[in-house]
Structure formats: C-alpha cells, structure tokens
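This briefing is meant for a reader who is meeting the structure for the first time. Please look through the sequence and the model below before turning to the points that follow.

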Amino acid sequence: LHPLPPAPSLPEAVDATSSPLELGPGLGSFSLVAGTEGGLRLPLASPAVIRFRAGGEGLRTHPDRPRKRLKDLCREAGIVPWMRERLPLVFVGERLAAVGDLWIEAELAAPAGVPALKPVWSGRPDLT
C-alpha cells in the first residue's frame, strides 16, 4: 500500500459554471450545471467558489434536521478518511453550499422545476 499524494490544490476562485474543473489525477471533474432538476437555488448571493476541505465545515442536509459537521456526514455515509480531503466543496461567500454531488445546504437547495445550479461530479472515484 502506498499513501495517496496530498490533495491537489485548486485555484483560489473557480467558476465551475463555465467549464468542468479537473480535480486532479483519479478524482474526475466537477461542474455546476444550470437547469431545473434541483441543486443550488438561483440567484446565488455570491459567486460559487470550489475548494477542497480545510476542516470544520458543516451544513444542514434537511430543513428539519440540525446542522452537521462534514466529518460526521462523511463518517455516516461510509466515506473513507483518505477521500474526505478530496471532496469538492462549493462555497457561496463563506458558506458551505454543497459537498460534491452528495449534499446541498438545505437553506440554499432548490426543488425540481426551479432555476438552479446542479452539482455534477463526472468520473467520481469510489468514496467508500
């Protein structure tokens, strides 16, 4: 077994709506696709920025549930520890809005039929 190399660094601000963002070797690409099939409700309060995990992030996956730390969401979903720092995170301003194509912040989520930006992670590796 060989340890994985450190997660690749991403540019400080990435507009994932213009073209897919290559996440690094074996991680696929990530984009935000405009449509009406659910996703982040438009208009966004600030431009969407894609980053990798720094630690301490959290979000609410359902309006009737409490906010959870990303660490706990990953653990509950069975995501292996070495993939957690390689999850593409979508921030709107300083707020975590989405974790890859896995979770969306409930307060920013759009139901189907409403204009939204849908997170699309093409070539996503096995996370479990």
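Is Arg-51 buried, partly exposed or exposed, and what is its relative accessible area? Arg-51 has a relative accessible area of 25%, and since buried means under 20% and exposed means over 50%, Arg-51 counts as partly exposed. The model in which this residue is seen is a predicted one, and the points below take up its overall make-up, its two sheets, its core and some local details.

**Overall make-up and confidence**

- The secondary structure of the protein comes to 2 helices and 11 strands, and read along the sequence these elements follow the pattern β-β-β-β-β-β-α-α-β-β-β-β-β.
- Of the 128 residues of the protein, 40% count as buried.
- When contacts between residues at least 6 apart in sequence are considered, 69% of them join residues that are at least 24 apart.
- The mean pLDDT of the protein is 86, and 86% of its residues reach 70 or more.
- Among the elements, the lowest mean pLDDT, 86, belongs to strand E1 (residues 21-24), while the highest, 96, belongs to E9.

**The sheet of five strands**

- One open sheet is made of 5 strands in the order E1-E2-E11-E3-E10, and the pairing in it is antiparallel.
- At the edges of this sheet stand E1 and strand E10 (109-110), each of which has a single partner strand, so one side of each is left without a neighbour in the sheet.
- Strand E2 (residues 28-35) and strand E11 (residues 116-122) run antiparallel and are joined by 7 bridges.
- Within this pairing, Phe-30 has Trp-121 in E11 as its bridge partner, and Leu-32 stands opposite Pro-119 in E11.
- E11 also pairs with strand E3 (residues 39-41), in the antiparallel sense and over 2 bridges, and here Arg-41 stands opposite Ala-116.

**The sheet of four strands**

- Another open sheet has 4 strands in the order E4-E7-E8-E9, again with antiparallel pairing.
- Strand E4 (48-51) and strand E9 (103-104) are the edge strands of this sheet, since each pairs on one side only.
- E4 and strand E7 (residues 89-92) run antiparallel and are joined by 4 bridges, with Val-90 in E7 as the bridge partner of Ile-50.
- E7 is joined to E8 by 4 bridges, and these two strands also run antiparallel, with Val-92 standing opposite Arg-95 in E8.
- The hairpin of E7 and E8 has 2 residues between the strands, and in this hairpin Gly-93 takes a positive phi near 65°.

**E7 and the nonpolar core**

- In a regular strand the side chains alternate between the two faces of the sheet.
- In E7 both faces are covered, with Leu-89 and Phe-91 buried on one side and Val-90 and Val-92 buried on the other.
- The largest nonpolar core holds 30 residues, and those that touch the most other members are Leu-23, Phe-30, Leu-87, Leu-89, Val-90, Val-99 and Trp-103.
- At least two residues of this core come from each of E1, E2, E4, helix H1 (70-77), E7, strand E8 (95-99) and E11.
- Leaving aside residues up to four places away in sequence, Val-99 touches Leu-59, Leu-70, Leu-87, Pro-88 and Leu-89.

**Arg-51 and its surroundings**

- Arg-51, the partly exposed residue of the opening question, is found in strand E4.
- The charged end of Arg-51 sits over the ring of Phe-91, at 4.2 Å from the centre of that ring, and Phe-91 is one of the buried residues of E7.
- Arg-51 and Leu-23 are 28 residues apart in sequence, and their C-alpha atoms are 9.8 Å apart in space.

**Other local details**

- A cis peptide bond, with omega about -5°, joins Leu-42 and Pro-43, and Pro-43 is found in the loop between E3 and E4.
- How many aromatic pairs does the structure hold? The count of aromatic pairs in the structure is 0.

Notes:
Residues are numbered from 1 along each chain as its sequence is written. This is a predicted model: local features need pLDDT of at least 70, side-chain atom pairs count only at pLDDT 80 or more; totals for chains, interfaces and linings use all residues. Side-chain values use heavy atoms; hydrogens and water are left out. Two strands pair if DSSP finds at least two bridges between them. Rings of Phe, Tyr and Trp (its six-membered ring) pair if their centres lie within 6.5 Å; planes under 30 degrees apart count as stacked, over 60 as edge-to-face and the rest as tilted. A charge sits over a ring if NZ of Lys or CZ of Arg is within 6 Å of the ring centre and within 35 degrees of the ring normal. pLDDT is the predictor's confidence in each residue, from 0 to 100. Buried means under 20% relative accessible area, exposed over 50%, partly exposed in between (1.4 Å probe, protein chains only). A nonpolar core is a set of buried Ala, Val, Leu, Ile, Met, Phe, Trp, Tyr and Cys residues joined through side-chain atoms within 4.5 Å. Contact means heavy atoms within 4.5 Å.
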